[in-house]
Every structure is written in C-alpha cells, then in structure tokens.
Amino acid sequence: MSPLIEAVDLTKSFGPTRALAGASLAVDPGEIVAIIGPSGSGKSTLMHCMAGIVRADGGTVQYAGRDLVRASDAERSRLRREHFGFVFQFGHLVPELTCLENVALPLRLNGIGRRRAERLATDWLERVQVQQVAGLRPGEVSGGQAQRTAIARALITTPKVVFADEPTGALDSLSGELVLQLFTTAARESGAAVLLVTHEPRVAAYADREVTVRDGAARDLRVLV
Ligand code: ADP
C-alpha cells in the first residue's frame, strides 16, 4: 500500500531554534499513528508542517500527488479545509458561535447550506454525546464538552487525514475512550490516516504504530527503505 501522506527529511527553524532536523513519517490510509517524544522535541511542528499550517524550510510532504512544502498558500488552505480535520488540545472553538454552529462551520465553509450543515452537526453532537450544549457558546461549557465539540467539528467533513494534538488532554478516561473509538471508526470506515500527538500511554496503545520524535528527528523506517 502506498502512504496517504508522507513527510521526508523535514527541517524547520524558528529563528535560532531548530524545531525539526530531518523528520520523516509516512502514514497509510486507515492507519492510526501515535507521535510520542519529550516536550519540545518537535512533535507539534512535525504535525503542523504535515498539515500545511507551517511551511517547512526543507524536505517534502507528499499528499495526493502534491508537495505541501511547495504548494501555494491558497492550495494549502483548500486542502486543510476540504481534506484535513484538526483537533487541538484546547479545542480552539470560535467563541462567538454556538457549539452547534462551530461543528457546522467546516461544512458551511465548503459551501453546504445552513439547514443541512446544522442537521449533520446535530447528529455529530449526539455521536460525541454532548447534544445538550448545541445552543451554548464555548465559554459556557466544560473543557471536556468543548473538546468533544471540537472533535465533532474535526470529523464532520469525513477528512482524509486527521491531525490531533493531545486530543484527550481535557477529557476524563471514559470520554477519552469514546474519542479514541471515534478516531478508530474514522480510520477503519473512511480510510482516514490519523496522526495523534500524545504523551498518554493509553492513547499510544490505541494506535497501530508509535513513532518517537527526538531532537526534531522522527525516524520512520518505512520512509528510509
Ligand atoms: P513538542 O510538540 O514536541 O513539544 P514543538 O514542535 O512544539 O515540540 O517545539 C519544538 C521546538 O520549537 C521547541 O524548542 C519550541 O520552543 C520551538 N517552537 C515551536 N513553535 C515555535 C514558534 N512558533 N516560534 C518559536 N519557537 C517555536
């Protein structure tokens, strides 16, 4: 099987700080990969470069026949909107919108009408078991409820690649289990590639594979052979 997304030899510096020093990682469709490693080792930067949020200084990120490192900003944002789903540690919901509107937002940005988008968003809030927060703003709900809302928002577009940075950080272990099951469903049923940054062993244990980042270098043996 050829990888769905493949980073080869990524380098990235922020001023004098070398965040990535030759990181390589390939993820297959339907595969869940846990990215682990000490704080500051470059895990988030690796994910941000693979997602086209941050442009690497060197190396390549192959996705759907393109190199995201060299793609235009417009192309990168189109891919993020249409092909990728994101879950960040603290949710990053839009504070002015209700939880329902937040979940519907990616569909609205992809041109889907309000009524249909909100119906699908309602289904997703039920799936993550927080239908009761639909009409509330993120500031009015608990951290765990906001995180579940963010997960519904990430998965509603059936993304090809899911990027999750400490996705269970704000959740108790029961909710964490639910989230991991949702990611597994996304991978197994939609063939999504799921990249999870985590320091929690139980999350890493859920993944098909673990990749360790040390000093800005992830060595994914499959890329090297
Ligand atoms: P991790 O996710 O493993 O904790 P990061 O990828 O966040 O590591 O960070 C790797 C290194 O790059 C750290 O030294 C961090 O301080 C630095 N870094 C990350 N993002 C930025 C940024 N936007 N500006 C400056 N330095 C950054």
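## A residue inside helix α5

Let's begin with Thr149, which sits in helix α5, a stretch that covers residues 143-155. Keep in mind that you are looking at a predicted model.

Is Thr149 buried or exposed? Its relative accessible area is 0%, and buried means under 20%, so Thr149 counts as buried. Which residues does Thr149 touch, leaving aside those up to four places away in sequence? They are Leu93, Cys99, Val103, Leu125, Val130 and Val133. You can also try locating Ala117 on the structure: Ala117 and Thr149 are 32 residues apart in sequence, and their C-alpha atoms are 15 Å apart in space.

## Two sides of helix α2

Now turn to helix α2, made of residues 73-83. Its buried residues are Glu75, Arg76 and Leu79. Looking down the axis of α2, you would find these buried residues within an arc of 100°, so they line one face of the helix. A general rule helps here: an α-helix has 3.6 residues a turn, so residues three or four places apart point the same way.

What covers the buried residues of α2? The cover includes the strands β4 (58-63), β5 (66-67) and β6 (84-87). On the face turned away from the buried side, α2 carries the exposed residues Asp73 and Ala74.

## Who surrounds the ligand

Next comes the ligand. The residues around it are Phe14, Thr17, Ala19, Pro38, Ser39, Gly40, Ser41, Gly42, Lys43, Ser44 and Thr45. Sorted by class, this shell has 3 nonpolar, 7 polar and 1 charged residues.

Which elements supply at least two residues of the shell each? They are β2 (17-27) and α1 (43-50). The largest share of the shell, 3 residues, comes from α1.

## Polar atoms close up

Three residues of the shell are worth a closer look, and each has an atom beside an oxygen atom of the ligand. For Ser41, a backbone N or O atom lies 3.1 Å from a ligand oxygen. For Gly42, a backbone N or O atom likewise lies 3.1 Å from an oxygen atom of the ligand. With Lys43, the atom belongs to the side chain: a polar side-chain atom lies 2.8 Å from a ligand oxygen.

How much of the ligand's accessible area does the protein cover? On its own, the ligand has 560 Å² of accessible area, and the protein covers 58% of this.

Methods:
Residues numbered from 1 in each chain as written. Predicted model: local features only at pLDDT ≥ 70, side-chain atom pairs only at ≥ 80, totals over all residues. Heavy atoms only, no water. Near = heavy atom within 4 Å. Polar contact = N/O pair within 3.5 Å; in protein donor to acceptor, adjacent residues only side chain to side chain. Areas by Shrake-Rupley, 256 points an atom, 1.4 Å probe, with all protein chains shown as cover. Helix = DSSP H or I, 4+ residues; strand = E, 2+ residues; numbered from the N terminus. Nonpolar A, V, L, I, M, F, W, Y, C, P; charged D, E, K, R; others polar. Buried < 20%, exposed > 50% of the residue type's maximum accessible area, 1.4 Å probe, protein only. Arc of directions from axis to C-beta. Contact = heavy atoms within 4.5 Å.
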